[in-house]
Amino acid sequence: MSAPTQSNWQSNWYEVDADPVRKPALTFDLDVDVCVVGAGLAGLTAAYEIARRGWSVVVLEADRIAGGASSCNSGVVVPGFACAAEAIVERIGMERAGVLWRLSEEGVDYVRGMSHVLGGSMGSPESGPDTPAGLLDVSRIDDGDAVMARLVLLAEFGAAVEGWPVERVRAVLSTDHYFHAIHFPTAFQIQPLAYARALATAAEIAGARLFEETSADEIDPAGVRKRITTSGGRVRAAHVVLAGNVGLSRLAPTIAETVMPLTGTVAVTHPLGERLLSAVAWRGAIGDAGGNHYRVVDGDRLMWSGAADPWPRDLAKATTAFARDIARIYPQLGEITFSHAWSAQMGYAVHSMPQVGEVSPGVWLASAFGRHGLATTAMAGRMIAAAIVDGDDRWRAFLPYELVWAGGNLGRAVAQAGSWVGRVREDVLARAARRREALQKSDAG
Ligand SMILES: Cc1cc2nc3c(=O)[nH]c(=O)nc-3n(C[C@H](O)[C@H](O)[C@H](O)COP(=O)(O)OP(=O)(O)OC[C@H]3O[C@@H](n4cnc5c(N)ncnc54)[C@H](O)[C@@H]3O)c2cc1C
């Protein structure tokens with residue numbers, strides 16, 4: 001197998017068709033209505049929404065615009081949260097869970113709408129709000145009842161979902177590893193780096209000021225005017241939006257301790273030609289309970305991502321594991337080699353729900369979106385902007401999900417053990433399901 005490219009900015013598949021934008025570093029003092037820390041999708045959405053309402057807003061970005069998870073993801077915009085719908089219902093009841101689900105759907109609609117508005121700058125034709133097909137969430141264990149129970153729950157939220165029987169799944173995904181599926185037709189794919197950069201431009205046009213290589217190092221949150229210190233200048237603002245994902249340990253250590261960083265890796269195969277098209281005829285995204293997420297890009301390549309890791313993973317090892325997983329599910333694809341591989345960190349709260357809301361007067365948090373950040377960063381950025389400027393209090397729907405210590409290294413170790421146990425259990429059940437099916441076929445024969 002050929003070695004993947006290095007884990008650096010150039011290795012990001014999306015870099016190819018997105019125009020780079022460079023912003024200056026902050027070298028002077030500023031007085032504004034709102035200071036946003038972090039120019040990922042959460043911070044950029046909040047900044048755009050605040051600026052277009054006529055308030056002054058500055059965005060401080062320690063690195064580059066969307067240099068983190070916001071440009072390094074799989075690009076699938078899907079409703080819901082990192083936390084399973086069943087667990088949300090168990091914690092807060094059906095009605096309030098339904099409210100949260102619909103907020104996530106508003107996030108999907110928002111990104112779709114913005115993608116249309118941002119238009120031409122969105123990059124390759126295969127990505128965008130009109131890409132076909134949605135997301136197939138496929139089951140690896142032959143348990144139609146469990147899939148049906150989930151469908152009923154989602155339908156009660158008013159979610160647009162459809163159950164697919166095994167034959168329909170296998171008509172588009174040629175593998176005996178998959179059984180039933182839930183189809184989310186409203187999901188779609190974007191070129192996330194192009195989207196983030198276009199959003200940054202839109203925020204600037206609306207009046208926001210963006211600074212790169214400007215780390216917010218200290219905050220004095222007391223008083224009506226908060227003070228944020230960077231190496232080059234200070235910002236005074238009536239409101240601060242903390243949208244730094246896993247990067248807030250210096251600025252806001254207590255908040256940072258409530259977020260566990262997990263590393264996600266994505267890789268893109270070399271062109272696979274016709275053999276891919278017959279194995280994966282589905283043009284939407286696919287997710288399976290083994291933690292695999294993938295979709296076809298560039299006509300005949302697979303963009304593949306596996307389960308997230310508590311500690312940064314060596315790219316060569318990650319891609320070796322991906323090649324093994326692909327070969328297991330689609331042996332007909334033959335040898336798999338990768339042209340691109342990269343990784344980034346996403347933040348998870350203990351409850352796997354986003355942290356959205358006002359943590360102290362005038363200090364707002366938009367964080368811990370996990371693997372569902374494309375729609376939920378939009379949801380959060382928009383809600384926080386509406387809260388600050390218009391006094392909208394819909395963010396209160398997230399109050400049941402308070403800040404909880406994520407357990408530091410111990411928390412990561414527990415997460416690793418938990419996800420390992422979960423994956424082993426899932427693998428055992430998946431193997432049993434395939435064995436059962438093989439026996440039924442041989443009995444029938
Ligand atoms: C491999 C991978 C695949 C994924 N796939 C999907 C997917 O298909 N669909 C989906 O919905 N989600 C996906 N996600 C999740 C999604 O990408 C994230 O949840 C989302 O991008 C988080 O956005 P954010 O703005 O909160 O954080 P980020 O994008 O990390 O942005 C935070 C920014 O804040 C800056 N910052 C931090 N601290 C400071 C400071 N003190 N001063 C100034 N700036 C600071 C950082 O430099 C960074 O640029 C994936 C994530 C990964 C890693």
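Which side chain meets Asp 29 in a salt bridge? Keep that in mind as you look through these close-ups of a predicted model.

**Figure 1. Asp 29 and Arg 234 pair up through their side chains.** The partner of Asp 29 is Arg 234, and their salt bridge spans 3.3 Å from N to O. Look at where the two come from: Asp 29 sits in the segment before β1 (30–37), while Arg 234 belongs to strand β11 (residues 234–242). That puts the pair 205 residues apart, so this is a link between distant parts of the chain. Asp 29 is partly exposed, with a relative accessible area of 48%. Arg 234 is also partly exposed, again at 48%. As background, side chains of opposite charge can pair when their charged atoms come close. Across the whole structure, there are 18 salt bridges.

**Figure 2. Glu 49 reaches Arg 53 and joins a network.** Here the closest N and O atoms of Glu 49 and Arg 53 are 2.8 Å apart, which makes a salt bridge. How exposed or buried is each partner? Glu 49 has a relative accessible area of 2%, and because the cut-off for buried is under 20%, Glu 49 counts as buried. Arg 53, at 27%, is partly exposed. The story doesn't stop with this pair: a network of salt bridges links Glu 49, Arg 52, Arg 53 and Asp 390.

**Figure 3. Glu 106 and Arg 382 hook one helix to another.** In this salt bridge, the closest N and O atoms of Glu 106 and Arg 382 lie 3.8 Å apart. Glu 106 is part of helix α2 (residues 85–118), and Arg 382 is part of helix α9 (residues 373–390), so the pair ties together parts that are 276 residues apart in sequence. Both ends are partly exposed: Glu 106 has a relative accessibility of 29%, and Arg 382 comes in at 31%.

**Figure 4. The ligand sits in a shell of 35 residues.** Among those residues, the closest are Glu 61, Ser 70, Val 76, Gly 370 and Leu 374. Now zoom in on some polar atoms. A polar side-chain atom of Asn 73 is 3.2 Å from an oxygen atom of the ligand. Ser 74 uses its backbone instead, with an N or O atom 3.0 Å from a ligand nitrogen. Arg 371 also brings in a polar backbone atom, this one 2.8 Å from a nitrogen atom of the ligand. How much of the ligand does the protein bury? Taken alone, the ligand exposes 1,000 Å², and the protein buries 94% of that.

**Figure 5. Here is what the shell around the ligand is made of.** Sort the residues by class and you get 16 nonpolar, 17 polar and 2 charged ones. Which helices and strands each supply at least two of the shell residues? They are α1 (41–52), β12 (260–269), β16 (338–348) and α9.

**Figure 6. Ser 71 and Ala 66 meet inside a loop.** Ser 71 has its place in the loop between β2 (57–60) and β3 (76–77), and Ala 66 is found in the loop between β2 and β3 too. A polar atom of the Ser 71 side chain lies 2.7 Å from the backbone oxygen of Ala 66. Ser 71 is buried, at 0% relative accessibility, and Ala 66 is buried as well, at 1%. Check the backbone of Ala 66 while you're here: its phi is near 50 degrees, a positive value in a residue other than glycine.

**Figure 7. Ala 368 is another alanine with a positive phi.** For Ala 368, phi is near 60 degrees. This alanine is found in the loop between β18 (363–367) and α9. Ala 368 is buried, with a relative accessible area of 2%.

**Figure 8. Glu 358 and Val 240 are separated by 9.6 Å between C-alpha atoms.** Along the chain, these two are 118 residues apart. Glu 358 is in strand β17 (residues 355–360) and is partly exposed, with a relative accessible area of 32%.

**Figure 9. Two cysteines are buried, and the disulfide count is 0.** Cys 35 has a relative accessible area of 0%, while Cys 72 counts as buried at 11%. The number of disulfides comes to 0.

Key
Residues numbered from 1 in each chain as written. Predicted model: local features only at pLDDT ≥ 70, side-chain atom pairs only at ≥ 80, totals over all residues. Heavy atoms only, no water. Salt bridge = Lys/Arg side-chain N within 4 Å of Asp/Glu carboxyl O. Helix = DSSP H or I, 4+ residues; strand = E, 2+ residues; numbered from the N terminus. Buried < 20%, exposed > 50% of the residue type's maximum accessible area, 1.4 Å probe, protein only. Near = heavy atom within 4 Å. Polar contact = N/O pair within 3.5 Å; in protein donor to acceptor, adjacent residues only side chain to side chain. Areas by Shrake-Rupley, 256 points an atom, 1.4 Å probe, with all protein chains shown as cover. Nonpolar A, V, L, I, M, F, W, Y, C, P; charged D, E, K, R; others polar. Disulfide = S-S within 2.5 Å.
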